[in-house]
Amino acid sequence: MSMPGIDTLTLIVSTLARGALTAAQVALGAGLLAASLGLLLALAVVFVRQRLLQLTIAAYVEWMRNVPALAHLFVLYFGLASVGVRLSPLTAAVIGLGLVGAAVLCEVFAAGLSCLHAGQREAALAVGLTPAQALRSVLLPQMLRVTLPSLGNYASQLVKDTSIASAIAAPEVMFYARNLVTSTFETPLIYLTAMLLYAAMVLPISWAFARLERRTAGGVR
């Protein structure tokens, strides 16, 4: 078996690196949507005692978590197009992964809020803080510290999940990898490079969250 030339290696690395940039953009957009919506849902679960709302959120969480993310992407990209609503592959990927992530983070945030002692909120209100100030200054910082391990796992998984966006032609790593295989036939090299790129994105996230956990626990100054 002949070794690939330098031009082929350059093509593979540069093309997949372009896909990695797109994957990072999708992960960032989906993560922001998931965190924002997930936090709103968690706050409703913990603080709004309205049965219909609770049942609706529970149904949403169960549906999004038990249906494959790829199916949600297909509905957003192909299903909406059939009724005249056309989303770009990147938009569909961000929305789809973000909505799935919101269901995951809703449970994470709700668990984090529920484990905080109720007296902390009462004490914050007693010293003159408004409910919003008590939430922002007292409850949310503690909740984030408690949920850091789960958030780190979610962030790492989200980057890897961007690979399914290739199924709707989003130009991320695996989309370019498949195209390169058909044009260069360097299958092992291409997929090994793709694996290394995913690792290069995921490992710093894992290390960053691990460091944050140590800092918030007082282990690192």
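# An all-helix chain, from its core outward

Phe109 touches Ala35, Gly38, Leu39, Ala42, Met143, Leu144, Thr147 and Leu151, leaving out residues up to four places away in sequence. This is a predicted model. The chain in it has eight helices and zero strands. Phe109 is among the residues with the most contacts inside the largest nonpolar core.

**Overall build**

- Read from the N terminus, the elements run α-α-α-α-α-α-α-α.
- The C-alpha trace spans about 75 × 50 × 25 Å along its principal axes.
- The chain has 221 residues, and buried residues make up 36% of them.
- Take the contacts between residues at least 6 apart in sequence: 74% of these join residues at least 24 apart.

**The nonpolar cores**

- The largest nonpolar core has 46 residues. Leu16, Leu105, Phe109 and Ile190 have the most contacts inside this core.
- Six elements are named as giving two or more residues to this core: helix 1, helix 3 (69-81), helix 4 (89-114), helix 6, helix 7 (173-184) and helix 8.
- Helix 1 gives the largest share, 11 residues.
- A second core is separate and has eight residues, including Ala44, Ile57, Met64 and Ala103.

**Ala102, a buried residue in helix 4**

- Ala102 belongs to helix 4.
- Its relative accessibility is 0%, so Ala102 counts as buried.
- Beyond its neighbours within four places in sequence, Ala102 is in contact with Ala34, Leu37, Gly38, Leu41 and Tyr60.
- Gly38 appears in two contact lists: that of Ala102 and that of Phe109.
- Ala102 and His72 are 30 residues apart along the chain, and their C-alpha atoms are separated by 13 Å.

**Gln54, a partly exposed residue in helix 2**

- Gln54 sits in helix 2, which covers residues 51-66.
- Gln54 counts as partly exposed because its relative accessibility is 23%. The buried class ends at 20%, so 23% falls outside that class.
- Gln54 touches Ala44, Val45 and Val48, not counting residues up to four places away in sequence. Ala44 is also a member of the second core.
- Gln54 and Leu196 are 142 residues apart in sequence. Their C-alpha atoms are 42 Å apart in space.

**The largest pocket**

- The largest pocket holds about 220 Å³ of space.
- Its lining has 13 residues. Gly31, Leu32, Tyr154, Ala155 and Leu158 lie nearest the centre of the pocket.
- Helix 1 (6-47), helix 6 (131-161) and helix 8 (187-216) each supply at least two residues of the lining.
- Helix 1, helix 6 and helix 8 also give two or more residues each to the largest core.
- By type, the lining has 12 nonpolar residues, one polar and no charged.

**Cysteines without a bond**

- How many disulfides does a search of the whole structure find? The search finds zero.
- Why is Cys106 not bonded to Cys115? The sulfur of Cys115 is the closest cysteine sulfur to that of Cys106, yet the two are 15 Å apart, too far for a bond. A disulfide needs sulfur atoms within 2.5 Å, so 15 Å rules the pair out.
- The search from the other side gives Cys106 as the closest partner of Cys115, again at 15 Å.
- Cys106 counts as buried because its relative accessibility is 2%.

**Two loop residues with positive phi**

- Ala169 has a positive phi of about 70°, although Ala169 is not a glycine.
- Ala169 lies in the loop between helix 6 and helix 7.
- Ala169 counts as partly exposed, at 35% relative accessibility.
- Phe185 also has a positive phi, near 60°, and is a residue other than glycine.
- Phe185 lies in the loop between helix 7 and helix 8.
- Is Phe185 buried or exposed? Phe185 is exposed, with a relative accessible area of 66%. The exposed class starts over 50%, so 66% places Phe185 in that class.

Definitions and conventions:
Residues are numbered from 1 along each chain as its sequence is written. This is a predicted model: local features need pLDDT of at least 70, side-chain atom pairs count only at pLDDT 80 or more; totals for chains, interfaces and linings use all residues. Side-chain values use heavy atoms; hydrogens and water are left out. On a 1 Å grid over the protein atoms alone, a cavity is a set of points where a 1.4 Å probe fits but cannot get out, and a pocket is an open set with protein on both sides within 12 Å along at least five of seven lines; lining residues have an atom within 4 Å of a point. Grid points are joined across faces, edges and corners, and a volume is the space filled by probe spheres set on the points. Helices (H or I, at least four residues) and strands (E, at least two) are DSSP runs, numbered from the N terminus. Ala, Val, Leu, Ile, Met, Phe, Trp, Tyr, Cys and Pro count as nonpolar, Asp, Glu, Lys and Arg as charged, and the others, Gly among them, as polar. Buried means under 20% relative accessible area, exposed over 50%, partly exposed in between (1.4 Å probe, protein chains only). A nonpolar core is a set of buried Ala, Val, Leu, Ile, Met, Phe, Trp, Tyr and Cys residues joined through side-chain atoms within 4.5 Å. Contact means heavy atoms within 4.5 Å.
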